[in-house]
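Here are a few exercises to try with the model open beside you. Take each one slowly, then compare your reasoning with the solution.

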Amino acid sequence: MTNRSRIVLGVTHDTVHQAGGGEGASLWNATLQETERFHGSRDPHLGNDLDVDVAIVGAGFTGLWTAHYLAEQNPDLTIAVIEQQTVGFGASGRNGGWCSALLPMSLAKIASRHGRDAAIELQRTMHGTVSEVSAVCRHLGIDAGIAHGGTVMLARGSHQVGRVRAELDEYRHFGFSDEDYRWLQAAEAAEQCNATHVMGASFTPHCLAIHPARLAHGLARSVADRGVRIIEHTRVTDIAPRRLVTDSGSIRASAIVRATEGYTSALPGHRRDIVPLYSLMIATEPLSESVWSEIGLHSRPTFDDGRHLLVYGQRTADGRLAFGGRGAPYHFGSKIDPRYDTDARVRGHLTSALRNMFPMLATTSITHHWGGPLGVPRDWSCSVNFDRETGLGAAGGYVGDGVATSNLAGRTLAALIAGTDDPLIRLPWVSHHSPNWEPEPLRWLGINAGRRTAALADRTERRTGRPSKLWATVNNTMLRR
């Protein structure tokens, strides 16, 4: 979808490393075999200084993809990735498993800033990025449980039909055909995903269902084999031109990349750059083939519907249904705490929403529940930046659409750092700087008011069967970035 005006609460992370299942444990971490898990070095004392060509803060997708492309293009570079926890600890290892061509900002917004052609080029590049992720996994031998099933966005009720069709209309306005985005009539939509009240759907082939933790750990193993040094359990306390300070020592580097996404606000001087919004997920026990024959999702398309408070799901490679959304509150002062990673109330809402969509799951066990923060810039626009004078770079602000976008960010950062004349460095998200979020308590009041209004609008629409004018007003005045 191009208009990401719904409250997006979809990509999550887990607490500290958890290999088991159950409450608080990410499905992806719980099903990651020990032989698949990467273990980086732990350096209690880096010494007075470590000297490298490139230092990357954060061992999630953005940091790992950047290291991958840098090492691939210039094997002689010395590269260090510094991670406070473990590889894939954040959203990269805990998300909904959508590797999609979605961007958090609309094509209309990109076009208003950079022109129609630039918006089209960025979206087409995202289409190619989905295929790039799949190709790299094949090349590196990473078994990320990939299925290239696309995405089905269901219109469940007449109040959602217009909204889903409007997003298709925007793609049409920018010249995209049925090959990229098309409307499914009710019967065809239900054949793809047999949820209740389906009146149609949009479909795009540009999405992979993946096991994100396997991808993150597979990337880490690959870059480590190429000589990239991954240092876990090391906290970065300050980022300055060509120098990092950690709790174990200092690192000098010609280029430094900040790839901290939802954790950016914890860094000195970055409190209002990115808001960490918590999102939660659940997953079922493995389902029988007879149940899957009722649900559909045979080619494993990812799915959501046209409500305001986003929900999303996928059929996993091991036959479960992973389902997320129904956002938890924003916590005052951009606070991040492991205690927020689960929430009994939101778990109940997610379970109810899942069973409302698929009544055949009424007695199915929910085996996993987890959550964590994703990164949201004030204008909901992701970006890539690199300043050659200071050597400082950064990428992020994906608002939950980061699995594929981080790959494009990594390729772009590699080109910017290397100084190559790559078309990627001229894409419109490069050198974009989002404004700061408001100070507290305005930030807390505004974000939570928007979340509550979205939920109220969904309840009103289910009751009346008509689109909510209230949500449209709030969206235009508070949330349109």
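**Exercise 1.** How many of the 14 residues of α7 are buried, and what does that say about its surroundings?

*Solution.* Remember as you work that this is a predicted model.

Step 1: Find helix α7 at residues 212-225.

Step 2: Apply the cut-off, since a residue is buried when its relative accessible area is under 20%. Those that pass in α7 include Pro-212, Arg-214, Leu-215, His-217 and Val-223.

Step 3: The count is eleven of the 14, so α7 is largely enclosed by the rest of the structure.

Step 4: Look for the cover. The elements over the buried residues of α7 include α1, α2 (61-73), α4 (116-140) and β9 (229-231).

**Exercise 2.** Work out what span α7 should have, and check it against the model.

*Solution.* Step 1: The expected span is 1.5 Å times one less than the number of residues.

Step 2: For the 14 residues of α7, this gives 20 Å.

Step 3: The C-alpha atoms at the two ends of α7 are 20 Å apart, which agrees with the expected value.

Step 4: Read on past the helix, and you meet Gly-227, with a positive phi near 100°.

**Exercise 3.** Is Thr-31 buried or exposed?

*Solution.* Step 1: Locate Thr-31 in the loop that joins α1 (27-30) to β2 (47-57).

Step 2: Its relative accessibility is 15%, and the cut-off for buried is under 20%. Thr-31 therefore counts as buried.

Step 3: See what touches it. Setting aside neighbours within four places in sequence, Thr-31 is in contact with Glu-36, His-211, Arg-214 and Asp-318. Arg-214 is one of the buried residues of α7.

**Exercise 4.** Which residues have the most contacts inside the largest nonpolar core?

*Solution.* Step 1: This core has 69 residues.

Step 2: Leu-215, Ile-230 and Trp-429 have the most contacts inside it. Another core, of 31 residues, lies apart from it, and Leu-154 and Trp-292 are among its members.

Step 3: Follow Trp-429 outward. Beyond four places in sequence, its contacts include Met-105, Leu-122, Tyr-398 and Leu-408.

**Exercise 5.** Compare the backbone and exposure of His-197 and Ser-431.

*Solution.* Step 1: Neither is a glycine, yet phi is positive in both: about 60° for His-197 and near 70° for Ser-431.

Step 2: His-197 sits in the loop between α6 (186-192) and β7 (198-204), while Ser-431 sits in the one between α10 and α11.

Step 3: His-197 is exposed at 58%, whereas Ser-431 is partly exposed at 48%.

How values were computed: Residues numbered from 1 in each chain as written. Predicted model: local features only at pLDDT ≥ 70, side-chain atom pairs only at ≥ 80, totals over all residues. Heavy atoms only, no water. Helix = DSSP H or I, 4+ residues; strand = E, 2+ residues; numbered from the N terminus. Buried < 20%, exposed > 50% of the residue type's maximum accessible area, 1.4 Å probe, protein only. Contact = heavy atoms within 4.5 Å. Core = buried A, V, L, I, M, F, W, Y, C linked by side-chain atoms within 4.5 Å.
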